[in-house]
Amino acid sequence: MKNSIVNEYIMLLKRFIFIEKELDTLPSGYISKKVIKGRFQFYLQYRDKDKIVSKYIKKNQIENCYNRIQLRKQYELERNYIKDRINKLEEASLLLDKFLYYRLQIYRLSFKMDHIDLNMKKESVEFADMLNSIEGVSSSNELKTKLNRWKNDELSFLTIFEETLNRYGFLFGDK
């Protein structure tokens with residue numbers, strides 16, 4: 001049962017991250033039709049803070065724009081379903097086994113770290129190095145190498161995170 005929860009959770013996280021990336025590329029709003037100088041013209045309209053913005057859509061792009069708006073709506077509905085399902089899996093895992101719950105939280109954090117852009121990864125590592133130096137703790141060369149591989153998308157953050165937790169006695173394997 002624990003494995004099925006973990007597998008579903010991972011699948012949902014992957015899908016959630018995919019949808020979030022797609023939503024960043026899809027238009028929001030709606031298409032409006034206006035008559036200007038006796039001719040129909042189409043506009044993508046959306047809210048930007050407290051203003052409604054209108055952008056002209058060329059005739060050959062109307063269908064594509066409409067389809068992308070519809071896809072956005074589908075993704076938003078699916079994203080809401082996934083959020084609810086993730087929350088329910090977390091609640092169930094907490095009731096079943098606190099270590100299972102901790103493992104899901106590690107997955108959630110790690111998946112987010114793997115999907116930040118390369119510049120943010122670099123800044124994250126620099127920030128961690130700075131905090132470590134303030135505390136008088138230096139990272140091992142092995143960890144620095146692994147973090148560089150993570151920054152270059154050659155290694156998952158989860159791998160590094162789990163190895164580090166295990167090294168310090170925080171074992172979150174199946175209990």
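**Sheet, helices and cores of the predicted model**

An open sheet of three strands is arranged in the order β1-β2-β3 with antiparallel pairing, where two strands pair if DSSP finds at least two bridges between them, and where strands (E, at least two residues) and helices (H or I, at least four) are DSSP runs numbered from the N terminus. Because β1 (30–36) and β3 (51–57) stand at the edges with a single partner strand each, one side of each is left without a neighbour in the sheet. The twist averages 40° from one strand to the next. Strand β2 (residues 39–48) is joined to the antiparallel β3 by seven bridges, and Leu44 has Lys55 of β3 as its bridge partner.

The structure is a predicted model, in which local features need pLDDT of at least 70 and side-chain atom pairs count only at pLDDT 80 or more, while totals for chains, interfaces and linings use all residues. Residues are numbered from 1 along each chain as its sequence is written, and side-chain values use heavy atoms, with hydrogens and water left out.

Helix α2 lies across β1, β2 and β3 and runs at about 150° to β1; axes are lines fitted to C-alpha atoms, for helices over the stretch in contact, and angles run from 0 to 180 degrees between N-to-C directions. The axes of α2 and α3 come within 6 Å and cross at roughly 145°. The contact (heavy atoms within 4.5 Å) involves residues including Ile86, Leu89 and Leu94 of α2 and Leu100, Tyr101 and Leu104 of α3.

The largest nonpolar core, a set of buried Ala, Val, Leu, Ile, Met, Phe, Trp, Tyr and Cys residues joined through side-chain atoms within 4.5 Å, has 22 residues, of which Tyr9 and Tyr107 touch the most other members. Two or more residues are given to this core by each of α1 (2–25), α2 (62–96), α3 (98–114) and α6 (157–167), and α1 gives the most, with 10 residues. Leaving aside neighbours within four places in sequence, Tyr107 is in contact with Val6, Tyr9, Ile10, Leu13, Leu158 and Glu162. Apart from this core lies another, of seven residues, among them Val125, Leu143, Leu147 and Ile160.

In α6, the buried residues (under 20% relative accessible area with a 1.4 Å probe, protein chains only) are Phe157, Leu158, Ile160 and Leu165. These residues cover an arc of only 165° around the axis, which puts them on the same side of α6, the arc being that of the directions from the helix axis to the C-beta atoms. The buried residues of α6 pack against α3 and α5 (141–151).

Conventions: Buried < 20%, exposed > 50% of the residue type's maximum accessible area, 1.4 Å probe, protein only.
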